[in-house]
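Hi everyone, thanks for coming. I'd like to walk you through a structure that may be new to you, so let's put it up on the screen.

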Amino acid sequence: MQDEIVSKTKRKQEMHALQALGAALVALPESQLGDLSLESRLYEAVLAAKRIRSHEAKRRQIQYIGRLMREVDAEPIRERLATIEGHSAQATAQHRRLEAWRERLLADDEALTEFAAAFPGADLQALRALLRNAKKEAKEGKPPRAYREVFRFLKESSK
């Protein structure tokens, strides 16, 4: 049997998709780039593109990144990028679970015991202080700084 013939249009669409993925990689901060565990040549090309200021040179570098992406499996990179950007269903579900925990912890003191059982390594003393501050802010009508800090704490504890 002959291999399936892919039209020139389809090939160009795939190349543009890889270039767009490369551009998304260039837009990421270097700290998050390290988490993606990219192939070394691809990683170096992305770092080089971050340093380039000329529009045309950056466009050519992104084309080069797209060409390098043809040599690697792009699907795992897409999935990890979606997770980082928070677009994956898994990231959305995790976010909702953490918001539910925050609401339960603020509404009910018994939820702290459940949280301690679910996340045994969490610093409960710090969490109690954050919850106390968040409740105090809500009562006084202040901006929800501690409320956000509770969410950040929960996110770090759940890792």
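**Salt bridges and a helix pair**

Let's start with one pair of side chains: Arg59 and Glu56 meet in a salt bridge, at 2.4 Å from N to O. Before I go on, please keep in mind that this is a predicted model.

Where do these two sit? Both Arg59 and Glu56 are in helix α4, three residues apart, which is about one turn of the helix. Are they buried or exposed? Arg59 is partly exposed, with a relative accessible area of 38%, and Glu56 is partly exposed too, at 35%.

Now stay on Glu56, as there's another partner to look at. The side chain of Glu56 also meets that of Arg60 in a salt bridge, this time at 3.9 Å, N to O. Again we're inside α4: Glu56 and Arg60 are four residues apart, about one turn of the helix. Arg60 has 47% relative accessibility, so it counts as partly exposed.

How many salt bridges does the structure hold? The count is nine. Let me pick out another one, between Arg104 and Glu114, where the closest N and O atoms are 2.0 Å apart. Here the partners come from two helices: Arg104 is in α6, residues 89–107, and Glu114 is in α7, residues 111–118, so this pair ties together parts that are 10 residues apart in sequence. Arg104 is partly exposed at 35% relative accessibility, and Glu114 is partly exposed at 40%. There's also a network, in which salt bridges with shared partners join Arg41, Arg67 and Glu71.

Okay, on to helix packing. Two packed helices are described by the angle between their axes and the distance between the axes. Our example is α3, residues 40–51, against α4, residues 55–69: the angle is about 165°, and the axes are 10 Å apart. An angle over 145 degrees counts as roughly antiparallel, and therefore that's what we call α3 and α4. As for handedness, α3 passes α4 in a left-handed crossing.

Which residues make the contact? From α3 we have Arg41, Leu42, Ala45, Val46, Ala48 and Ala49, and they meet Lys58, Gln61, Tyr64, Ile65, Leu68 and Met69 of α4. Sorted by type, the residues of this contact are nine nonpolar, one polar and two charged. And notice a name we've already heard: Arg41, on the α3 side of the contact, is also part of the salt-bridge network with Arg67 and Glu71.

That's my tour, thanks for listening!

Technical notes. Residues are numbered from 1 along each chain as its sequence is written. This is a predicted model: local features need pLDDT of at least 70, side-chain atom pairs count only at pLDDT 80 or more; totals for chains, interfaces and linings use all residues. Side-chain values use heavy atoms; hydrogens and water are left out. Axes are lines fitted to C-alpha atoms, for helices over the stretch in contact, and angles run from 0 to 180 degrees between N-to-C directions. Angles under 35 degrees count as roughly parallel, over 145 as roughly antiparallel, 65 to 115 as roughly perpendicular and the rest as oblique. A crossing is left-handed if the near helix is turned anticlockwise from the far one by less than a right angle, and right-handed if clockwise. Contact means heavy atoms within 4.5 Å. Ala, Val, Leu, Ile, Met, Phe, Trp, Tyr, Cys and Pro count as nonpolar, Asp, Glu, Lys and Arg as charged, and the others, Gly among them, as polar. A salt bridge is a side-chain nitrogen of Lys or Arg within 4 Å of a carboxyl oxygen of Asp or Glu. Buried means under 20% relative accessible area, exposed over 50%, partly exposed in between (1.4 Å probe, protein chains only).
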